[in-house]
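Work through these exercises with the model open beside you. Try each task before reading its solution.

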Amino acid sequence: MKAVNQVAAADTLGGPRVAFNVERIREDFPILKQQVHGKPLVYLDSAATSQKPKVVIDTVTQYYLAENSNVHRGIHFLSEQATRAFEDSRAKVARFLNASTDQEIVFVRGATEGINLVAQSFGRMRVKAGDEIIISAMEHHSNIVPWQILCQETGAVLRVVPINDHGEFLVDEYAKLLNAKTRLVSVVHVSNALGTINPVKRIVEMAHSRGVPVLIDGAQAAPHLTVDVRQLDCDFYVFSGHKAFGPTGVGVVYGKAHHLEAMPPYQVGGDMILSVTFEKTLYNVIPFKFEAGTPHIAGVIGLGAAIDYLDGVGLDRIAAYESGLLAYATEAVSAVPGVRLIGTAKEKASIVTFVLEGVHAHDIGTILDQEGIAIRTGHHCAQPVLQRFGVPATARASLAFYNTRGEIDALVRGIRKVTELFG
Amino acid sequence: MSDLRELYQEVILDHNRRPRNFQKLDGANRTAEGYNPLCGDQITVYVRLEDGVIKDISFQGSGCAISKASASMMTASLKGKTAAAGDALFETFHKMVTADLSVTFDPLEVGKLAAFSGVREFPVRVKCATLPWHTLHAALEGKGQTVSSE
């Protein structure tokens with residue numbers, strides 16, 4: 001937290017923000033100091049899950065050490081403390097997304113559960129046989145399968161907005177797909193497989209001009225970009241805590257209050273009710289209506305700490321640093337003979353996906369691992385994207401603001417080693 | 001690099017570059033498809049089985065060097081062998097790629113497949129090496145189902 005405190009201090013003094021110092025940032029992430037196979041760890045898999053700053057780890061530890069208690073239930077001291085910390089996190093998330101009220105923030109297990117919640121609750125309420133749901137060709141499986149199931153259940157039809165060879169969302173094609181039968185649009189903000197940043201504000205505007213609500217899957221966006229749900233005017237926004245430097249097992253659904261009010265519960269049980277008799281159950285108010293059972297209290301509180309940490313560093317500065325790092329990585333990786341980049345959109349975030357001629361991604365992954373370099377290989381839970389580009393698997397280096405140019409150089413040396421071995 | 005050379009032995013790299021029996025088999029009467037969902041490997045194994053003997057065998061698909069070379073060398077080893085002998089070799093092979101490092105193998109029993117002994121140092125790659133064998137097993141069982149290495 002040292003670095004962050006210094007940044008915050010400079011800000012409160014009203015002076016210019018101190019320069020982004022990646023070495024000081026790295027001090028906040030204890031895991032990055034370790035060696036793997038005798039080499040310094042080069043962690044380039046943050047799109048799978050980000051590393052956690054010490055302050056998040058400490059917050060979770062402190063909760064279990066001194067604050068552990070159930071929320072919204074007890075009148076005793078610890079329960080009150082835990083409830084306050086839990087609800088403080090909700091307020092932090094609301095601020096992080098610029099939601100109108102804390103009530104618009106529902107805690108779930110992750111972005112996947114968030115999309116399932118919207119599909120099963122809002123979707124079922126709204127979609128009937130013959131209706132249409134629009135997604136894009138670059139969706140993660142978690143933003144495909146819940147809609148496929150909803151379509152199977154209701155007789156609705158899934159329509160897919162195609163992408164071009166750069167991996168860009170085709171707005172004109174989207175315009176053609178939007179019609180009187182469209183009931184819902186669900187698209188990704190930043191593609192996990194390609195890094196493309198989608199024009200989500202425009203996508204929302206176009207849907208709204210026909211009265212169609214929009215869900216944005218922000219799993220890869222929330223850790224890298226400033227997200228303003230009111231400016232986007234999206235109806236729903238979901239993201240995962242663990243990709244945003246928080247704990248695993250906690251995620252967020254933002255939903256406009258009037259939608260959440262109208263929606264039936266997604267799961268049912270304790271904490272989401274006002275009163276239960278065997279004849280009738282009265283549901284709790286939003287957001288509690290959607291939070292059945294004891295939630296991941298430590299995770300939620302840890303996510304609050306992660307948001308504080310990001311606020312301290314500044315998402316604007318994170319985005320600026322990562323953009324420079326991405327440009328450096330893109331140039332360095334594409335300069336290796338035999339490399340072909342998959343995903344070359346003009347608007348991109350933090351992801352360099354590539355294939356190497358004559359070498360399967362899985363082999364690249366193993367060889368880089370021996371160099372201490374962690375990347376993701378395979379289909380990235382986005383098989384339709386790979387089919388679109390005609391490749392069975394890709395290698396993906398995903399960056400975060402704790403990565404350095406030196407680590408990109410190590411990646412490039414690693415890829416050259418692969419070429420040598422397979423040469 | 002030495003560990004990597006253990007894994008990517010020259011014979012494996014060769015079979016990856018020039019896989020043997022890498023085509024659809026006309027007249028196949030046994031076939032099965034295998035997937036490794038972790039890395040997206042996909043393989044189809046074709047067998048022409050006559051009186052319990054693997055008269056011909058081939059494969060198609062896409063995968064990493066380990067799975068491709070494993071499939072290639074599996075087909076080369078089994079042509080003309082009985083299905084029972086194939087199953088026995090699978091068992092030996094499976095033991096070899098999952099065994100403790102101290103275990104040694106009879107070269108006569110495993111033959112060229114000894115090249116895969118380095119896989120045991122890379123536990124996440126065991127599924128790559130065994131996927132073709134699992135798929136063959138499904139084909140010989142005649143269930144024609146899709147197998148997954150998960």
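**Exercise 1. Which pattern of helices and strands does chain B follow, read along the sequence?**

Solution. This is a predicted model, so work from its coordinates.
- Step 1: count the elements. Chain B has 6 helices and 4 strands.
- Step 2: put them in order. The pattern is α-α-β-β-β-α-α-α-α-β.
- Step 3: check the overall form. The radius of gyration of chain B is 14 Å, close to the 15 Å that the globule rule gives for 150 residues, so chain B is as compact as a globular protein of that length.
- Step 4: add the dimensions. The C-alpha trace spans about 45 × 30 × 25 Å along its principal axes.
- Step 5: look at burial and contacts. Of the 150 residues of chain B, 45% count as buried. Take contacts between residues at least 6 apart in sequence: 63% of these join residues at least 24 apart.

**Exercise 2. Find the buried residues of helix 2 of chain B and say how they are arranged.**

Solution.
- Step 1: locate the helix. Helix 2 of chain B covers residues 10–17.
- Step 2: pick out the buried positions. They are Ile12(B), His15(B) and Asn16(B).
- Step 3: look down the axis. The buried residues fall within an arc of 105°, so they line one face of the helix.
- Step 4: find what covers them. The cover includes helix 3 (65–78) of chain B.

**Exercise 3. Is Lys243(A) buried or exposed?**

Solution.
- Step 1: place the residue. Lys243(A) sits in the loop between strand 9 (236–240) and strand 10 (251–255) of chain A.
- Step 2: count neighbours. Lys243(A) has 26 C-beta neighbours inside 10 Å. The cut-off for burial is 20 or more. Lys243(A) therefore counts as buried.
- Step 3: name contacts beyond four places in sequence. They are Thr49(A), Ser50(A), Ala219(A), Gln220(A) and Pro223(A).
- Step 4: take one of these pairs. Ser50(A) is 193 residues from Lys243(A) along the chain, yet their C-alpha atoms are separated by 4.9 Å.

**Exercise 4. Describe how the two domains of chain A meet.**

Solution.
- Step 1: set the bounds. Domain 1 is 2–52 + 314–422, and domain 2 is 58–311.
- Step 2: take the centres. They are 27 Å apart.
- Step 3: count the contacts. 26 residues of domain 1 touch 28 residues of domain 2.
- Step 4: find the main contributor on the domain 1 side. Helix 12 of chain A gives the largest share, 5 residues.
- Step 5: sort that side by class. It has 13 nonpolar, 7 polar and 6 charged residues.

**Exercise 5. How many residues of chain B are in contact with chain A?**

Solution.
- Step 1: count both sides. 15 residues of chain B contact 13 residues of chain A.
- Step 2: sort the chain B side. It divides into 9 nonpolar, 4 polar and 2 charged residues.

Terms used. Residues are numbered from 1 along each chain as its sequence is written. Chains are lettered from A and ligands numbered from 1 in the order in which they are written. This is a predicted model: local features need pLDDT of at least 70, side-chain atom pairs count only at pLDDT 80 or more; totals for chains, interfaces and linings use all residues. Two residues are in contact if their C-beta atoms, placed from the backbone, lie within 7 Å. Ala, Val, Leu, Ile, Met, Phe, Trp, Tyr, Cys and Pro count as nonpolar, Asp, Glu, Lys and Arg as charged, and the others, Gly among them, as polar. Helices (H or I, at least four residues) and strands (E, at least two) are DSSP runs, numbered from the N terminus. A residue is buried if 20 or more other C-beta atoms lie within 10 Å of its own, exposed if 12 or fewer, and partly exposed in between; C-beta atoms are placed from the backbone. The arc is that of the directions from the helix axis to the C-beta atoms. Domain bounds come from an automatic or database domain assignment. The radius of gyration is taken over C-alpha atoms; the globule rule is 2.2 Å times the number of residues to the power 0.38.
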